[in-house]
Amino acid sequence: MTHGGYQGWGPPNGQPQGPDAPNPYPYGPPPPATPYPHPPQRARRRSLGCGLFFVSPLIPVVRSARRRAEAIFNQPGAGRVDDRLVSRVQLWRAALGAAASFLLIYTYGADDGWSGVANDGVTKLILAPLLLILTGPLVVLGFIRYAPAARRPLLRSRLRTPLKAVAWYVGILAGVGVVLAGSTVLLRQDYGTLPDGLLALALLIGLVWLLPFLLFASAYAARYAFNTSNVHAALPAALTVVLVWELTLCSLALEGGMPHGPPAAQWCAVLGGPVTVTAVALWELHRMRTRYGVRVRTGA
């Protein structure tokens with residue numbers, strides 16, 4: 001049907017008709033309407049909604065695990081010194097160190113790729129508290145031994161809080177091991193009963209809280225050195241220096257050699273972290289002595 005020299009669906013309602021009427025469709029008839037105008041966007045929204053549906057229940061669980069770990073392994077005490085400038089410098093050093101490490105790995109690669117880098121980070125996160133438990137007592141006893149005789153009973157009386165933190169961490173590791181072993185044994189039984197299956201399911205649900213709790217506990221235990229600042233304000237800095245060099249040696253032993261790249265990049269990758277951490281720790285000790293009067297010999 002022809003209207004005013006054009007073909008199509010006819011002019012909209014209210015428009016004049018006839019040979020002199022304007023052409024509302026100069027480029028041809030409009031395409032037919034579809035019942036679903038944007039199916040890809042709706043599919044993406046649906047998938048995002050499904051992901052949030054499964055992730056959102058875990059957010060309170062992770063928050064609960066973080067709060068509990070912080071309450072146990074970040075306890076202020078009589079000997080602790082909180083310096084915001086030191087905390088900011090430590091944060092910037094960690095951020096710059098992580099950026100430099102990623103740049104070196106991106107440029108020269110790694111043995112197992114980025115998955116190996118992630119596994120190495122988790123391994124160090126768990127290994128750091130274990131090394132502190134093994135070698136930390138020697139540093140603490142050295143501090144107490146080096147302090148004046150009149151201050152030693154006071155320092156020894158402050159050991160209760162660090163020892164409780166160590167006991168908590170050992171208990172967390174044992175709990176995770178028991179849950180994993182128990183759920184594995186129950187699930188592998190050929191003729192498992194309904195109570196066994198329910199018990200295995202309960203143990204696996206418990207891991208949803210225990211695993212984030214273990215990761216947060218490892219991070220806080222390494223960051224605050226099992227609350228050893230309650231014994232002496234300088235102990236966390238000293239333990240950090242010992243720990244970073246131990247982790248470097250363990251990393252070299254586990255990886256079986258130097259990282260990829262030319263010799264200069266290899267030495268930067270190996271020594272950059274421990275050297276900068278040691279420099280920041282020594283500056284922290286100097287700042288404690290000059291600004292807060294904390295001395296290793298006199299005790300604080």
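Let me start with G293, the residue that follows helix α9, whose phi is positive, near 75°. Please keep in mind throughout that what we are looking at is a predicted model.

Stepping back from G293 into the helix itself, α9 runs over residues 263-292. With 30 residues at 1.5 Å a residue, α9 should span 44 Å, and its end C-alpha atoms are 42 Å apart, which agrees. Even so, α9 has a kink of about 45° at L271, and this kink comes shortly before the proline P274.

Which residues of α9 are buried? The list consists of A265, Q266, V270, P274, V277, T278, V280, A281, E284, R287 and M288, so the proline that we met just after the kink is on it. As for their surroundings, these buried residues of α9 pack against α3 and against α8, which covers residues 235-255.

Let me take the first of those partners, α3, which covers residues 84-108. The axes of α3 and α9 come within 11 Å and cross at roughly 180°; angles over 145 degrees count as roughly antiparallel, and α3 and α9 are therefore roughly antiparallel to each other. On the α3 side, the residues that meet α9 are L85, V86, V89, Q90, R93, L104 and Y108, while the α9 side brings A265, A269, G273, T276, V277, V280, W283, E284 and R287.

The last of these, R287, deserves a closer look, and it raises a question: with which residue does R287 form a salt bridge? The partner is D83, and the closest N and O atoms of the pair are 2.5 Å apart. Because R287 lies in α9 and D83 in the loop between α2 and α3, the pair ties together parts that are 204 residues apart in sequence. R287 is buried, with a relative accessible area of 17%, and D83 is buried as well, with a relative accessible area of 10%; for both, the cut-off to remember is under 20%.

How many salt bridges are there by this rule? The count comes to two, and the other one joins R66 to E70, with the closest N and O atoms 3.1 Å apart. Here the partners are both in helix α2, residues 58-73, and because they are four residues apart, about one helical turn separates R66 from E70. R66 is partly exposed, with a relative accessible area of 30%, and E70 is also partly exposed, at 27%. To set the pairs side by side, then, R66 and E70 lie within one helix, whereas R287 and D83 lie in a helix and a loop.

Notes. Residues are numbered from 1 along each chain as its sequence is written. This is a predicted model: local features need pLDDT of at least 70, side-chain atom pairs count only at pLDDT 80 or more; totals for chains, interfaces and linings use all residues. Side-chain values use heavy atoms; hydrogens and water are left out. A salt bridge is a side-chain nitrogen of Lys or Arg within 4 Å of a carboxyl oxygen of Asp or Glu. Helices (H or I, at least four residues) and strands (E, at least two) are DSSP runs, numbered from the N terminus. Buried means under 20% relative accessible area, exposed over 50%, partly exposed in between (1.4 Å probe, protein chains only). The expected span of a helix is 1.5 Å times one less than its number of residues. The bend at a residue is the angle between axes fitted to the seven residues ending there and the seven starting there. Contact means heavy atoms within 4.5 Å. Axes are lines fitted to C-alpha atoms, for helices over the stretch in contact, and angles run from 0 to 180 degrees between N-to-C directions. Angles under 35 degrees count as roughly parallel, over 145 as roughly antiparallel, 65 to 115 as roughly perpendicular and the rest as oblique.
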